[in-house]
Amino acid sequence: EKITLSVIKADVGSISGHVMPHPDQLAAATKVLAEAKQKGLLIDFHVTHVGDDIQLIMTHRKGVDAPEIHELAWNAFKAAAKVARELKLYAAGQDLLSDAFSGNVRGLGPGVAEIEMVERKAEPVITFHADKTEPGAFNLPIFRIFADPFNTAGLVIDPRMHDGFIFEVYDVFEGKSVKLSAPEEMYDILALIGTPGRYVVRRVYRKSDNLQAAVVSVERLNLIAGKYVGKDDPVAIVRAQHGLPAAGEVLEAFSFPHLVAGWMRGSHHGPLIPVPQRYAKVTRFDGPPRVMALGWNIAKGKLIGPVDLFDDVAFDETRRLAVQIAEYMRRHGPFMPHRLGPEEMEYTTLPAVLEKLKDRFVKTEEVHVIRRHSELLSGTSEEEQK
Ligand code: 13P
Ligand code: 13P
Ligand code: MG
Ligand code: MG
Ligand code: MG
């Protein structure tokens, strides 16, 4: 019998800026899911938050992309948004980009990661919940978990994973995907996913039997809305053990606080800090970006857990290093590479500022203007063509 683990998240408003939701919002979402559990639609569920994003962790028998489950999540977020409006919280309903539900929450604002699975003898699973960053933030750790033997000893030692893993990579600009095989195509995988704003690892499969080991949400809010509406704040599910990376190998990939896009106004690079639930609120410069890890076992669909996995002294040095990196990055103020590059800033309010300066520019003879690539190819300049 197959069960499905669905992690669906949205930011529907928070206290004193983009810090964290109000407990009444979590209670409102919990009430909606509790009723669904009573009716038998859900087997089990857990509601929590990281930063200002409400996290719905649900098990059921409806498969991935099930309209009933997505509508349930939508209704839970609407209930939490209603509370946000009543309390006049900041950015009430922020990630609900549509007024009406249309069968699937994908494309409407919430982030979605779902796996349908046949439960193994024991089914250890880790869910990751990030705030103030984007889906590509998981590229580096997911690569290290499933393709880097210096992170994951099992790739070398365990015959069940020695063949490697298949990476399904999405191009979120073109709406295309490609499956690449590690270790053989490792360099091709890196050629893509080193551009995390565009190429996102969506799913990972074990090569020997095609078992799905991981899934990451790929929603990019700015690409959906066409303007800045907050950061995407992704979620991920990773299965562990029994011929998959051990839980400790999965977590090891987060011991390096790599730089990700997000933070203040979704417009800055900063370190991704692994945090326990008690630090799952964002403060300094609306951040820094952070990720929480919850450990579970699934037993006939019941969620056993969670264990707050980054609540360990073993991650203290990672957090300390991250805080130093945050300080170093902050000192750049409005300069790149702390501030994001122009392609990403296109979806912020910066273009409106630049637009006002456009008419103030006058021509200068002092710089040699490089001809555009297209002009070089055709051999004529735009002026000559006229
Ligand atoms: P235990 O002996 O604690 O089960 O550890 C086994 C293991 O493989 C750890 O990675
Ligand atoms: P959120 O996506 O977490 O709401 O962040 C928005 C923002 O602009 C923070 O400065
Ligand atoms: Mg917010
Ligand atoms: Mg958020
Ligand atoms: Mg957001």
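The questions and answers below deal with metal sites, a helix and surface residues in a predicted model.

Q: Which residues coordinate the magnesium ion (ligand 3)?
A: The donor atoms lie at 2.0 to 2.2 Å from the magnesium ion (ligand 3). In sequence the donor residues follow the spacing D-x6-H-x33-D. The donors are Asp-11 (OD), His-18 (ND1) and Asp-52 (OD).

Q: How many residues apart are His-18 and Asp-52, which link distant parts of the chain?
A: Both residues coordinate the magnesium ion (ligand 3). His-18 sits in the loop between β1 (2-10) and α1 (23-38), while Asp-52 sits in the loop between β2 (44-50) and β3 (53-60). The separation in sequence is 34 residues.

Q: Is His-18 buried, partly exposed or exposed?
A: Buried means under 20% relative accessible area, and exposed means over 50%. The relative accessibility of His-18 is 21%, so this residue counts as partly exposed.  Asp-52, by contrast, has a relative accessible area of 1% and is buried. For His-18 the class is therefore partly exposed.

Q: Which residues are the protein donors of the magnesium ion (ligand 4)?
A: The donor residues of this ion are spaced D-D-x77-D-x101-D in sequence. Their donor atoms lie 2.1 to 2.3 Å from the magnesium ion (ligand 4). The donors are Asp-52 (OD), Asp-53 (OD), Asp-131 (OD) and Asp-233 (OD).

Q: Which residue coordinates both the magnesium ion (ligand 3) and the magnesium ion (ligand 4)?
A: The two ions are 4.5 Å apart. Asp-52 (OD) is listed among the donors of the magnesium ion (ligand 3), and Asp-52 (OD) is also listed for the magnesium ion (ligand 4). The residue that coordinates both is Asp-52.

Q: How many residues apart in sequence are the parts tied together by Asp-52 and Asp-233?
A: Asp-52 and Asp-233 are donors of the magnesium ion (ligand 4). Asp-52 lies in the loop between β2 and β3, and Asp-233 lies in the loop between α6 (221-225) and β10 (235-239). Both residues are buried. The pair therefore ties together parts whose separation is 181 residues.

Q: What distance separates the magnesium ion (ligand 5) from the magnesium ion (ligand 3)?
A: The magnesium ion (ligand 5) is coordinated at 2.1 Å by Lys-231 (O) and Asp-233 (OD). Lys-231 and Asp-233 are buried. The distance from this ion to the magnesium ion (ligand 3) is 5.1 Å.

Q: Why do the buried residues of α5 line one face of the helix, and within what arc do they fall?
A: In helix α5 (residues 186-193) the buried residues are Met-186, Ile-189 and Ile-193. They line one face because, viewed down the helix axis, they fall within an arc of 60°.

Q: Which exposed residues does the face of α5 turned away from its buried side carry?
A: The buried residues of α5 pack against α3 (139-147), β6 (165-171), β7 (176-182) and β8 (199-206). The face turned away from that buried side carries exposed residues, namely Tyr-187 and Ala-191.

Q: What is the C-alpha to C-alpha distance between Ala-34 and Asp-44?
A: Ala-34 belongs to helix α1 and, at 32% relative accessibility, counts as partly exposed. Asp-44 is 10 residues apart from Ala-34 in sequence. In space the distance between them is 8.6 Å.

Q: What is the area of the nonpolar surface patch made by Leu-354, Leu-357 and Phe-361?
A: Of these residues, Leu-357 is in helix α10 (residues 350-357). Leu-357 counts as partly exposed, at 39% relative accessibility. The patch made by Leu-354, Leu-357 and Phe-361 has an area of about 340 Å².

Key. Residues numbered from 1 in each chain as written. Chains lettered and ligands numbered in written order. Predicted model: local features only at pLDDT ≥ 70, side-chain atom pairs only at ≥ 80, totals over all residues. Heavy atoms only, no water. Donors = N, O, S within 2.8 Å, 3.2 Å for Na, K, Ca; no water. Helix = DSSP H or I, 4+ residues; strand = E, 2+ residues; numbered from the N terminus. Buried < 20%, exposed > 50% of the residue type's maximum accessible area, 1.4 Å probe, protein only. Arc of directions from axis to C-beta. Contact = heavy atoms within 4.5 Å. Patch = residues over 30% accessible without salt bridge, like charges linked within 9 Å, V, L, I, M, F, W, Y side chains within 5 Å. Areas by Shrake-Rupley, 256 points an atom, 1.4 Å probe, with all protein chains shown as cover. Salt bridge = Lys/Arg side-chain N within 4 Å of Asp/Glu carboxyl O.
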